[in-house]
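Hello! Here are my notes on the structure you asked me to look at. Please keep the picture open while you read, and look up each residue as it comes along.

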Amino acid sequence: MGEETKRPFNFRVVRTSDDATSEVQETAKQMLTDYTMATIMSRLGPEEAQRYQEAL
């Protein structure tokens, strides 16, 4: 039979369209924005956080 039949068949699905690329970029951008907002909010006091939320 040979060695090829003994190897595991590891398959992978890959999306290569422009829509898929932009979707991944938007997700990464949103995650970065969320992380930045959480970092800023954690360093502010309660009154400063209230003013910051109102400014947004």
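1. In which helix does Glu-48 lie? Glu-48 belongs to helix α2, which covers residues 46-55. Before going on, please keep in mind that you are looking at a predicted model.

2. Let us stay with Glu-48 for a moment. Its side chain reaches back to the backbone nitrogen of Gly-45, at 3.0 Å. Glu-48 counts as partly exposed because its relative accessible area is 37%, and the label "partly exposed" is for values between 20% and 50%. Try finding Ala-28 as well: Glu-48 and Ala-28 are 20 residues apart along the chain, and their C-alpha atoms are separated by 28 Å.

3. Now for another residue of helix α2, Tyr-52. Which residues does Tyr-52 touch, if we do not count those up to four places away in sequence? They are Met-37, Ile-40, Met-41 and Leu-44. For Ile-40, you can also check the spacing of the C-alpha atoms: Ile-40 and Tyr-52 are 12 residues apart along the chain, with 9.7 Å between these atoms. Tyr-52 has a relative accessibility of 24%, so it counts as partly exposed; to be called buried, a residue has to be under 20%.

4. Next, step back and view the whole chain. Its secondary structure consists of 2 helices and 0 strands. The C-alpha atoms fill a box of roughly 75 × 25 × 10 Å along the principal axes. The radius of gyration tells you something too: the chain has 23 Å, whereas a compact globule of 56 residues would have a value near 10 Å.

5. How much of the chain is buried? Buried residues make up 4% of the 56 residues. The chain exposes about 5800 Å², and 54% of that area is supplied by carbon and sulfur atoms.

6. Please also look at the segment before α1 (18-43), where Val-13 is found. Together with Phe-9 and Phe-11, Val-13 forms a nonpolar patch on the surface. The accessible area of these three residues together is about 460 Å². Is Val-13 itself buried or exposed? Val-13 counts as exposed because its relative accessibility is 73%, and the cut-off for that label is over 50%.

7. My last point is about charged side chains. How many salt bridges does a search of the whole structure find? The search finds 1. The side chains of Arg-15 and Glu-23 meet in a salt bridge, with 3.3 Å from N to O. The two partners carry their own labels: Arg-15 counts as exposed because its relative accessibility is 54%, while Glu-23, at 45%, counts as partly exposed.

Definitions and conventions. Residues numbered from 1 in each chain as written. Predicted model: local features only at pLDDT ≥ 70, side-chain atom pairs only at ≥ 80, totals over all residues. Heavy atoms only, no water. Patch = residues over 30% accessible without salt bridge, like charges linked within 9 Å, V, L, I, M, F, W, Y side chains within 5 Å. Areas by Shrake-Rupley, 256 points an atom, 1.4 Å probe, with all protein chains shown as cover. Salt bridge = Lys/Arg side-chain N within 4 Å of Asp/Glu carboxyl O. Helix = DSSP H or I, 4+ residues; strand = E, 2+ residues; numbered from the N terminus. Buried < 20%, exposed > 50% of the residue type's maximum accessible area, 1.4 Å probe, protein only. Polar contact = N/O pair within 3.5 Å; in protein donor to acceptor, adjacent residues only side chain to side chain. Rg over C-alpha atoms; globule rule 2.2 N^0.38 Å. Contact = heavy atoms within 4.5 Å.
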